[in-house]
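Work through the exercises below with the sequence and coordinates open. Each task is followed by a solution in steps.

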Amino acid sequence: MAENGSKQGVVECENCIHFREAPYEALRTGCYHPDLMQAKQKAAYLDEQQIPGDHTVLNRNGDCSYYEAPEPKPSIWKRLFSLEA
Ligand code: SF4
């Protein structure tokens, strides 16, 4: 597995910061990158009307150029020391 959580140049939506899964992260499972969504709303109260992009189509070949890996978490020691400070 490569550093960014992908397999040898293949990116997986499940490892991308733009991917949200229903029912806990969003109403609909899919890609929430602003350029790839089918319908997006600016106002938060219109969230239900948002339609994400179909990640199975957008990243069919595992080479999505919009892929972004999440920020790596700081080590447990760094987090513990930051609590004490
Ligand atoms: S389609 Fe691209 S931008 Fe969208 S979740 Fe998948 S990898 Fe990320």
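The exercises go from the overall layout to single residues and then to the ligand.

The model is a predicted one, in which local features need pLDDT of at least 70, side-chain atom pairs count only at pLDDT 80 or more, and totals for chains, interfaces and linings use all residues. Residue numbers start from 1 along each chain as its sequence is written.

**Exercise 1. Layout and confidence**

Task: State which elements the protein chain has and in what order they run, and report the confidence of the model.

Solution.
Step 1. The protein chain holds 2 helices and 2 strands, where helices (H or I, at least four residues) and strands (E, at least two) are DSSP runs numbered from the N terminus. Read from the N terminus, the order is β-β-α-α.
Step 2. Mean pLDDT, the predictor's confidence in each residue from 0 to 100, is 88 for the protein chain, and 89% of its residues reach 70 or more. Among the elements, β2 has the highest mean, 97, and helix α2 (residues 76-84) the lowest, 83.
Step 3. Residues 1-6 have pLDDT below 50, and this stretch makes 9 contacts in the model beyond near neighbours in sequence. Two residues are in contact if their C-beta atoms, placed from the backbone, lie within 7 Å. Where pLDDT is low, predicted coordinates should not be read in detail.

**Exercise 2. Burial of three residues**

Task: Classify H55, D54 and Q49 as buried, partly exposed or exposed.

Solution.
Step 1. Apply the cut-offs: a residue is buried if 20 or more other C-beta atoms lie within 10 Å of its own, exposed if 12 or fewer, and partly exposed in between, with C-beta atoms placed from the backbone.
Step 2. H55 lies in helix α1 (residues 55-58). H55 is buried because 23 other C-beta atoms lie within 10 Å. Leaving out residues up to four places away in sequence, H55 touches C13, F19, G30 and C31. The C-alpha atoms of H55 and C13 are 6.9 Å apart, although the two are 42 residues apart in sequence.
Step 3. D54 sits in the loop between β2 and α1. D54 has 15 C-beta neighbours inside 10 Å and therefore counts as partly exposed. From D54 to Y32, 22 residues apart along the chain, the C-alpha separation is 9.4 Å.
Step 4. Q49 is also in the loop between β2 and α1. Q49 has 11 other C-beta atoms within 10 Å, so Q49 is exposed. Apart from neighbours within four places in sequence, Q49 contacts A39 and Q41.

**Exercise 3. Core and ligand shell**

Task: Identify the largest nonpolar core and describe the residues around the ligand.

Solution.
Step 1. A nonpolar core is a set of buried Ala, Val, Leu, Ile, Met, Phe, Trp, Tyr and Cys residues joined through C-beta atoms within 7 Å. The largest one has 8 residues: V11, C13, C16, F19, C31, Y32, C64 and Y67. For the whole protein chain, buried residues are 18% of 85.
Step 2. C16 touches V11, Y67 and E68, not counting residues up to four places away in sequence.
Step 3. The ligand is surrounded by 14 residues, of which the closest are C13, C16, C31, C64 and Y66; a residue is near a molecule if its C-beta atom, placed from the backbone, lies within 6 Å of it.
Step 4. The shell divides into 10 nonpolar, 4 polar and no charged residues. Ala, Val, Leu, Ile, Met, Phe, Trp, Tyr, Cys and Pro count as nonpolar, Asp, Glu, Lys and Arg as charged, and the others, Gly among them, as polar.

**Exercise 4. A cis peptide bond**

Task: Find which residues a cis peptide bond joins.

Solution.
Step 1. The bond joins A22 and P23, with omega about 5 degrees.
Step 2. P23 belongs to the loop between β1 (19-20) and β2 (30-31).
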